[in-house]
Amino acid sequence: MARRKIVAGNWKMNMTPSQAVALCAELKDLVKSDDVDVVYCVPAVDIVPVVEAVKGTNVEVGAENMYFEEKGAYTGEISAAMLVDAGVKYVIIGHSERRDYFKEDDVLLNKKVKKAFEAGLTPILCCGETLEQREMGITLDWIRMQIKSDLVGVSAQQVASMVIAYEPIWAIGTGKTATTEQAQEVCKAIRDCIAEVYDAATAEAVRIQYGGSVSAANAAELFAQPDIDGGLVGGASLKADFGKIVGYNK
Ligand code: PEP
């Protein structure tokens, strides 16, 4: 069965609650789609108003992060149960900005992935190499290491339902997109890694996004690749162009 494309916006630390509601209104008609899943991953304080703002539309809401503990003395953190209760369906885990600035490692991210599944959230698990790693020729080894470590103890059925985002760090927010060939090569390697660790059916089912300066100009070519099932979009998710990315095949 063909995999359904999924285009998710990562708003990062942008949009106050009132700006968020205004953006939802601006994008509402532009992101309508019958064949692409559309997700807005928004800052924590925007979750409640955005869930309300997208009610009755084709848009689902995602969080940009969560903590793995159930509840308790973890000042500043947000639990999976809180997200679910607020109406969130997806959660980005392991974005390179969190790995880099907030020192989130694969042991922690594995706990987050497992907790997200336990709560009924769909993780969008990010992986990606630095420019230095790419130039050293270790991109595929690095990505395989990230995927295998982050998915320890995760079942085949869970993996089949999740989203993995390949985001070369050097392409995030830089305007430098990976070439279509580079993006396809790594997304295929991720699928091959899933086949190796799990089985062919799981690899066939898991959705793999490309992220890194996706724009209205390059989305169609990237998303046409056999192993790229959509995109995780930062900068371009905050403007009308996001509608063109969702409608890449129109
Ligand atoms: C991202 O934040 O995940 C991302 C890919 O950002 P951008 O599209 O701005 O490069």
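User: How many bridges join strand 7 to strand 8?

Analyst: Good place to start, and keep in mind that this is a predicted model. Strand 8 covers residues 230-233 and runs parallel to strand 7. Within this pairing, Y210 has G231 as its bridge partner. The number of bridges joining strand 7 to strand 8 is two.

User: Which residue of strand 6 stands opposite I208 in strand 7?

Analyst: Strand 7 also pairs with strand 6, residues 163-166. The two are parallel, with four bridges between them. Facing I208 in this pairing is I164.

User: Is strand 7 largely enclosed by the rest of the structure or exposed?

Analyst: Let's look at the two faces of the strand. On one side R207, Q209 and G211 are buried, and on the other side I208 and Y210 are buried too. A residue counts as buried when its relative accessible area is under 20%. Five of the five residues pass that test, so strand 7 is largely enclosed.

User: What distance separates the end C-alpha atoms of helix 5, and why does it agree with the expected span?

Analyst: Helix 5 has 14 residues, running from 106 to 119. The expected span is 1.5 Å times one less than the number of residues. That gives an expected 20 Å, so the model agrees with it: the end C-alpha atoms are apart by 20 Å.

User: Which elements are included in what covers the buried residues of helix 5?

Analyst: The buried residues are D106, L109, N110, K112, V113, K115, A116 and F117. In an α-helix there are 3.6 residues a turn, so residues three or four places apart point the same way. The cover over the buried residues of helix 5 includes helix 3, strand 4, helix 4, strand 5, helix 7 and helix 8.

User: What phi does G120 take?

Analyst: G120 sits just after helix 5. Its phi is positive, at about 95°.

User: Which helix gives the largest share of the lining of the largest pocket?

Analyst: The largest pocket holds about 540 Å³ of space and is lined by 21 residues. Nearest its centre lie K12, E64, N65, R98 and F102. By class, the lining has twelve nonpolar, four polar and five charged residues. The largest share, three residues, comes from helix 4.

User: How many residues in the lining of the second largest pocket are polar?

Analyst: This pocket has a volume of about 220 Å³. Its lining has 19 residues, with G173, S213, G234, G235 and A236 nearest the centre. Six of the lining residues are nonpolar and four are charged, while the number of polar ones is nine.

Key
Residues are numbered from 1 along each chain as its sequence is written. This is a predicted model: local features need pLDDT of at least 70, side-chain atom pairs count only at pLDDT 80 or more; totals for chains, interfaces and linings use all residues. Side-chain values use heavy atoms; hydrogens and water are left out. On a 1 Å grid over the protein atoms alone, a cavity is a set of points where a 1.4 Å probe fits but cannot get out, and a pocket is an open set with protein on both sides within 12 Å along at least five of seven lines; lining residues have an atom within 4 Å of a point. Grid points are joined across faces, edges and corners, and a volume is the space filled by probe spheres set on the points. Ala, Val, Leu, Ile, Met, Phe, Trp, Tyr, Cys and Pro count as nonpolar, Asp, Glu, Lys and Arg as charged, and the others, Gly among them, as polar. Buried means under 20% relative accessible area, exposed over 50%, partly exposed in between (1.4 Å probe, protein chains only). Two strands pair if DSSP finds at least two bridges between them. Contact means heavy atoms within 4.5 Å.
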